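Trainee: I have a new structure to go through, and I would like to learn why each term applies. Could you take me through it?
Mentor: Gladly; ask away, and we will hold each value up to its definition.

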Amino acid sequence: MIKHLFSFVVICLIACGSVLPTTALKKDIKNIANGEDKILWSSNRKLTWNDFKGKNKGIFDSRKAETATVIETVKTYYDLEGIPVYEIACYFIPIKSWSNTSEEFALCHEQLHFDIGELYTRKIRKSYDSLNAKKIKKFKTYENIFYDLDNKCKNYNNLYDSQVYNIKEDNSVDFNKQQQQVWIEKVAEE
């Protein structure tokens with residue numbers, strides 16, 4: 001059981017506006033584990049357009065950019081009482097993130113997707129700390145929390161996009177700068 005727990009790495013790829021099929025996710029997990037370039041979330045380091053190194057594969061995609069983040073278990077160990085302890089981090093994945101714009105408002109929008117990933121990373125940490133305080137040893141309990149919060153993170157990102165972007169019938173997009181500011185303040189507060 002200990003060997004399995006130590007070898008367990010939870011990786012979640014959040015690709016704003018799209019969901020990767022299982023086979024692609026497994027490939028991404030392997031590539032990330034093999035040391036592909038990734039940027040750890042930091043309040044001192046904001047994204048720049050130079051960080052977006054991927055290619056837009058959607059021919060009729062009306063989006064200006066896409067941010068891929070991963071919430072990852074970077075270290076797992078047991079404390080002296082046999083309680084599992086996880087170290088969780090949020091990373092930006094440059095080769096899976098793309099842009100076809102240099103507009104500042106779009107970069108701000110993409111940064112907030114990364115910030116939302118960090119917000120849910122912190123929620124996972126807090127939940128795990130609560131389980132640790134209750135001396136919960138059952139691996140499945142931690143795993144269920146991770147997947148529940150992962151799904152909530154995806155839904156939150158989708159809600160964010162739906163409230164900030166309005167896609168018209170002709171597939172053009174309106175960006176609501178007032179709603180963007182509301183979301184910046186909301187995520188900062190959370």
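Trainee: Where in the chain is the place of W41?
Mentor: W41 is in the loop between β2 (39–40) and β3 (65–66). Helices are DSSP runs of H or I with at least four residues, strands are runs of E with at least two, and both are numbered from the N terminus. Bear in mind that this is a predicted model, where local features need pLDDT of at least 70, side-chain atom pairs count only at pLDDT 80 or more, and totals for chains, interfaces and linings use all residues. Residues are numbered from 1 along each chain as its sequence is written, and side-chain values use heavy atoms, with hydrogens and water left out.

Trainee: Why is W41 called buried?
Mentor: Its relative accessible area is 16%. Buried means under 20%, exposed means over 50%, and partly exposed is in between (1.4 Å probe, protein chains only). The value for W41 falls under the first cut-off, so W41 is buried. Of the 190 residues of the protein chain, 42% count as buried.

Trainee: Which residues is W41 in contact with, leaving aside its neighbours within four places in sequence?
Mentor: They are C90, Q111, F114, D115, E118 and R122, where contact means heavy atoms within 4.5 Å. W41 and G117 are 8.7 Å apart in space, C-alpha to C-alpha, with their places 76 residues apart in sequence.

Trainee: How many helices and strands does the protein chain have?
Mentor: Five helices and eight strands. From the N terminus on, the order is α-β-α-β-β-β-β-β-α-α-β-β-α.

Trainee: What makes α3 roughly parallel to α5?
Mentor: Two packed helices are described by the angle between their axes and the distance between the axes. Helix α3 (residues 104–133) and helix α5 (residues 177–189) pack at about 30 degrees, with axes 11 Å apart. That angle makes α3 roughly parallel to α5. The axes are lines fitted to C-alpha atoms, for helices over the stretch in contact, and angles run from 0 to 180 degrees between N-to-C directions. Under 35 degrees counts as roughly parallel, over 145 as roughly antiparallel, 65 to 115 as roughly perpendicular, and the rest as oblique.

Trainee: Is the crossing of α3 and α5 left-handed or right-handed?
Mentor: The crossing of α3 and α5 is left-handed. Left-handed means that the near helix is turned anticlockwise from the far one by less than a right angle, and right-handed means clockwise.

Trainee: Which residues of α3 and α5 meet?
Mentor: On the α3 side they are F105, C108, H109, L112, D115 and I116, and on the α5 side K177, Q180, W183, I184 and V187. By class, this contact has seven nonpolar, two polar and two charged residues. Here Ala, Val, Leu, Ile, Met, Phe, Trp, Tyr, Cys and Pro count as nonpolar, Asp, Glu, Lys and Arg as charged, and the others, Gly among them, as polar.

Trainee: And how do you know that α3 and α4 are roughly antiparallel?
Mentor: They pack at an angle of about 155 degrees, with axes 10 Å apart. That angle is over the 145 mark, so α3 and α4 are roughly antiparallel to each other. Their crossing is right-handed. The residues in this contact divide into 16 nonpolar, seven polar and three charged.

Trainee: Why is the pair of R45 and D51 called a salt bridge?
Mentor: A salt bridge is a side-chain nitrogen of Lys or Arg within 4 Å of a carboxyl oxygen of Asp or Glu. The closest N and O atoms of R45 and D51 are 2.6 Å apart, so the pair qualifies. D51 is buried at 8% relative accessibility, whereas R45 is partly exposed at 33%.

Trainee: How many salt bridges does the structure hold?
Mentor: Ten. Among them is the pair of E190 and K123, whose closest N and O atoms are 3.6 Å apart. This pair links distant parts of the chain, with E190 in the segment after α5 and K123 in helix α3, 67 residues apart. E118, R122 and R125 are linked in a network of salt bridges.

Trainee: What separates D148 and K152 in helix α4?
Mentor: About one helical turn, because they are four residues apart in helix α4 (residues 139–164). D148 and K152 form a salt bridge, the closest N and O atoms being 3.4 Å apart. D148 is partly exposed at 39% relative accessibility, and K152 is partly exposed at 41%.
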